[in-house]
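Reader: I am new to this structure and would like to go through a few of its parts slowly. Could you take my questions one at a time?

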Amino acid sequence: MTKKPGLSMYWASSCGGCEIALVNINEKILEVIDKFDFMFCPCLLDTKKKDIEALPDKSIEITLFNGAVRTEENAEMANLLRKKSKILIAFGSCSNDGCIPGLSNLYSAKDHFDTIYLNNPTVSNPGGIVPQRETEVPEGTLHLPEFYDTVRTLSQVVDVEYFIPGCPPESNQIWDVINSVIEGVKLPPKGSVIGAGTSTVCDECEKIKEDKKIDRFYRTYEIIPDTKKCLLEQGIICMGIATRAGCGSLCPKVNMPCSGCYGAPDGVLDQGAKMIAALGSILNLEGDLTEEEITGHTNKIMDSIPDYAGTFYKFSLAGSILKNSVRK
Amino acid sequence: MNTKRNENEFEPKILGFLCNWCSYAAADKAGTMQKPYPANVHFIRVMCSGRVDPQFVLKAYEEGADGVIILACHPGDCHYKEGNLKAVGRHNMLLRLLKQFGIEEERCRFDYVSASEGGKFVSVITDMVGTVKELGPLCLNGK
Ligand code: SF4
Ligand code: SF4
Ligand code: SF4
Ligand code: FES
């Protein structure tokens, strides 16, 4: 029997949802195990880091790496799996663009520790104890991995062959990718986004678009939308226009706005900037308004979005052009 | 007249997006009027302020600009009807976003300057350079 190619999956700074998305391919997981030697996946299997360290370099065919790089340990595992894998795939929004963990880039490591361990109404910490990288105890020195000042995407840390976006990637898309490898389909050029489309969620969305301008934005709880019409044109911030196709417009299909989990489409560097460009085109500033009236009216419309960075970069802040806030 | 530059003074790098039909012509006018203004702003001519993709602005900061200024036609004067209105909305959103990233709003300015307003052009540019000078350099990503 010829040796089966190795498959591994790792979670760095992640939630576990990406593993669930993999097993959501249901009975097809048996085919995966039939065709691959599934050698490492801390969520599902018992193999350990030392087992991977013992492998020759490049001996894992494919590694699906989910999770962002928040800590020194995340970076260590990214480097180890890079070394041991032929094809390293950034799997899911966290490793592609930073996702929810990446939102913390608006604050420094110190801000985090201050809020979590010191200045928090539900925390009593009279000794002012915060995690230290090294702590002396009678038995010796204890080490904790560094909590970096910023969250990074996988490709900001190591070389990456492919990118599978989504929070989490859709199971049918995951299966398509695995199946094409099983069937020996020629892989796309290095650096490609796979398991997704190239255009936008709007292209997959069946809602009626009418080129309408809006007078205000609504948060989802403030409006019952017309289910046939484009949500954005009703004033609901739907990120579909700045988000890569691939999910089949799952959220708009059930009348929830797209929040952007597939990241930026082809040709777009920055999802938030793209969204700003799009929204700028749909504001109703018509009628002969004076400069002051235009400013006033624009402010009024804009005041209804409470958190711009959190709305426009919910999934892509660490991978955005600015990446993190200015550290003072 | 050239004033001698103080060696130690911070000289900000500012990127200016000028609309071909208004502020770019105003810059020309300021030139023929021989009105001096600080040389810190590098101008990029665009066909309309509505062409200024917010990505250009973020990219400018990433590449080391300390400030960005966008100058547009007055309301009603835009050659493409509402390019300047799109620019106002985008600028307004950018300001709110930049604030969350700790970037002062004075580093991103929008104004209307018509082709005949050479004087306004000079005062807006001079004011922008002065304000950014006072703010100091923009230090992004540990740079
Ligand atoms: S991409 Fe989404 S599902 Fe996957 S680990 Fe990150 S948060 Fe969880
Ligand atoms: S903005 Fe949203 S609702 Fe409108 S077409 Fe795009 S995905 Fe569909
Ligand atoms: S509609 Fe948007 S948020 Fe919803 S699954 Fe698709 S890409 Fe993700
Ligand atoms: S043509 Fe000048 S702003 Fe549009």
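The questions and answers below deal with a predicted model.

Reader: Is A:Asn324 buried or exposed?

Author: A:Asn324 lies in the segment after α13 (308–312) of chain A, and, leaving aside residues up to four places away in sequence, it touches A:Asn105, A:Thr150, B:Phe101, B:Leu140 and B:Asn141. Its relative accessibility is 7%, and because buried means under 20%, A:Asn324 counts as buried.

Reader: How many charged residues does the shell around ligand 2 have?

Author: The residues around ligand 2 include A:Cys202, A:Cys205, A:Lys209, A:Cys230 and A:Cys238. Sorted by class, this shell has 8 nonpolar residues and 1 polar residue, and for the charged class the number is 1.

Reader: How many nonpolar residues are in the shell around ligand 3?

Author: Among the residues that surround ligand 3 are A:Cys247, A:Cys251, A:Cys258, A:Cys261 and A:Tyr262. The shell around ligand 3 has no charged residues and 3 polar ones, while the nonpolar residues number 7.

Reader: Which residue in β4(B) is the bridge partner of B:Ile70?

Author: Strand β3 (residues 67–72) of chain B runs parallel to β4(B), and 5 bridges join the two. Between these strands the chain passes through helix α3 (residues 83–100) of chain B, in a β-α-β crossover that is right-handed. Strand β4 (residues 108–112) of chain B is mostly covered, with 4 of its 5 residues buried, and the partner of B:Ile70 there is B:Phe110.

Terms used
Residues numbered from 1 in each chain as written. Chains lettered and ligands numbered in written order. Predicted model: local features only at pLDDT ≥ 70, side-chain atom pairs only at ≥ 80, totals over all residues. Heavy atoms only, no water. Near = heavy atom within 4 Å. Nonpolar A, V, L, I, M, F, W, Y, C, P; charged D, E, K, R; others polar. Buried < 20%, exposed > 50% of the residue type's maximum accessible area, 1.4 Å probe, protein only. Contact = heavy atoms within 4.5 Å. Pairing = 2+ DSSP bridges. Right-handed = clockwise from strand over helix to strand, strands pointing away.
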